[in-house]
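Please open the structure in a viewer and keep the selection tool at hand. The stops below are to be visited in order.

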Amino acid sequence: MLEKMHIHGFRTLFNTDVDFEPLTILIGKNGAGKTTILDVIQIIGKFARGGADRAFGPPPWSLGWQRTKGIGTVATVDIELFVRVSNDRYRYNLKLNEERSHVVVKEERLTRISDNTSIAAFDWSTPPASGTVLRPDSPAESNAEIDAVSETVRDFDSYELNPDQIQQSNDPKQVRVARNGYGVAGFLADLKDNDPKGFSQIEAYLRKLRPETESLSIWSAGSEVVWGVRDKGNDWKFPAVHLSWGDRQLVGLLCVLFSARPDSTIAIEEIDRGFHPSRYSDVIDLLSEAAYDGLMGHGKTQIIVTTHSPSMVNKLGDLTGSVRLVTRATGGGTMVRPLERVLKDKLGTDRPDQPLGEIWEMGLLEETIHEAMI
């Protein structure tokens with residue numbers, strides 16, 4: 001599990017620390033840095049799967065185009081992660097620079113925290129062919145600890161689900177849900193053929209969260225597969241394109257959660273997107289179940305989400321400890337603080353009588369952080 005992250009020199013993240021829970025909810029104004037935090041998670045996952053060439057592309061996705069924004073020039077992007085694997089904790093350091101439009105690894109090191117032992121380190125004279133020490137070139141260079149941490153970090157992924165993509169038919173060979181939600185049809189078709197139990201579980205959650213549902217439907221359309229829903233009392237099925245924005249988003253979310261590997265870390269942008277406030281509590285319960293218990297026997301999944309909705313924040317109940325308030329410091333950099341600490345500083349209690357979303361909407365929480373910096 002990802003426990004903590006320190007980032008320096010990437011967009012608005014300037015000496016920024018973020019602590020994570022099994023379920024972490026990032027709230028804050030537009031431009032505060034929430035999306036950038038999710039993007040770093042995505043980049044680290046890609047880097048662990050194939051080095052800098054996998055993590056970065058041409059402009060505007062190159063490292064040079066994503067350097068510190070608005071707060072000066074920082075020579076090296078510095079990322080430090082603290083991850084827990086079973087009963088051990090590890091620190092992973094990655095420092096990157098760009099020279100002649102090429103990303104250069106300045107430092108990469110994996111350390112066991114309990115005794116400060118270096119497990120693996122990047123060697124510039126003989127760099128790994130994969131581009132990262134998390135994927136050694138040969139079994140002789142690897143060990144159980146590297147493999148365990150590597151598997152954890154490679155499973156970092158980030159999503160920005162788009163119902164217009166979720167509804168699309170696709171080649172049945174594409175069984176992975178993409179960052180934008182494309183591929184849901186192929187994922188569901190593959191699940192129905194190869195894991196009928198898993199398909200039935202998604203169907204069961206859909207019935208629970210969308211009570212009018214009778215069944216999920218998959219069918220062929222030429223060389224592609226299509227998904228849709230049949231409602232109770234109807235003999236026909238509605239293709240996804242005819243479902244509401246929120247219903248498509250719900251199916252996409254279920255597919256992302258059920259496709260996640262046990263103990264993986266997934267980040268989801270704007271979890272409230274497309275949902276009516278009446279569905280917020282159910283979505284929060286779904287995320288909590290996935291993070292703390294696992295969905296119907298599936299392994300637990302660490303989940304990090306962003307939201308701009310005060311109404312959703314109002315529905316968090318006992319999850320106040322999972323919320324992080326993301327703001328911009330006076331100098332331009334992003335600050336992330338546990339919501340309970342901010343509430344304590346502002347109101348003298350972390351359990352106020354007034355709904356949390358209303359307090360946040362009034363701007364009182366950001367105001368507290370600005371006051372503390374004066």
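**First stop: the antiparallel sheet**

In this predicted model, begin with an open sheet of six strands, whose order is 2-1-4-5-6-7 and whose pairing is antiparallel. Select strand 2 (16–19) and strand 7 (117–121): these stand at the edges, and each has a single partner strand, so one side of each is left without a neighbour in the sheet. Between neighbouring strands of this sheet the average turn is 15 degrees, direction ignored.

Next, select strand 5 (residues 88–99) together with strand 6 (residues 102–112). The two run antiparallel and are joined by 10 bridges. Which residue of strand 6 stands opposite E98? Opposite E98 lies V103.

Add helix 2 (residues 144–154) to the selection. Helix 2 lies across strand 4, strand 5, strand 6 and strand 7, and runs at about 110 degrees to strand 4.

**Second stop: the mixed sheet**

Turn now to an open sheet of six strands in the order 8-12-13-3-14-15, where the pairing is mixed. Which strands stand at its edges? They are strand 8 (156–159) and strand 15 (334–338); each has a single partner strand, so one side of each is left without a neighbour in the sheet. Here neighbouring strands are turned against each other by 20 degrees on average, direction ignored.

Select strand 3 (residues 23–27) and strand 13 (residues 302–307). These strands run parallel, with five bridges joining them. One residue pair to display is I25 and its bridge partner in strand 13, V305.

**Third stop: helix 1**

Helix 1 (residues 34–55) packs on the mixed sheet, where it touches strand 3, strand 8, strand 12 (265–268), strand 13, strand 14 (323–328) and strand 15. The direction of helix 1 makes about 135 degrees with that of strand 8. Helix 1 also lies across strand 1 (2–8), strand 2, strand 4 (77–85), strand 5 and strand 6, running at about 90 degrees to strand 1.

**Last stop: a pair of helices**

Finally, select helix 4 (residues 184–194) and helix 6 (residues 245–259). They pack at an angle of about 55 degrees, and their axes are 10 Å apart. That angle makes helix 4 oblique to helix 6. The crossing of helix 4 past helix 6 is left-handed.

Which residues make the contact? Helix 4 contributes V184, F187 and L188, while helix 6 contributes V251, G252, C255, F258 and S259. Sorted by class, this contact of helix 4 with helix 6 has six nonpolar residues, two polar residues and no charged residues.

Terms used:
Residues numbered from 1 in each chain as written. Predicted model: local features only at pLDDT ≥ 70, side-chain atom pairs only at ≥ 80, totals over all residues. Heavy atoms only, no water. Pairing = 2+ DSSP bridges. Helix = DSSP H or I, 4+ residues; strand = E, 2+ residues; numbered from the N terminus. Axes fitted to C-alpha atoms, helices over the stretch in contact; angles between N-to-C directions. Contact = heavy atoms within 4.5 Å. Parallel < 35°, antiparallel > 145°, perpendicular 65-115°, else oblique. Left-handed = near helix turned anticlockwise from the far one by under 90°. Nonpolar A, V, L, I, M, F, W, Y, C, P; charged D, E, K, R; others polar.
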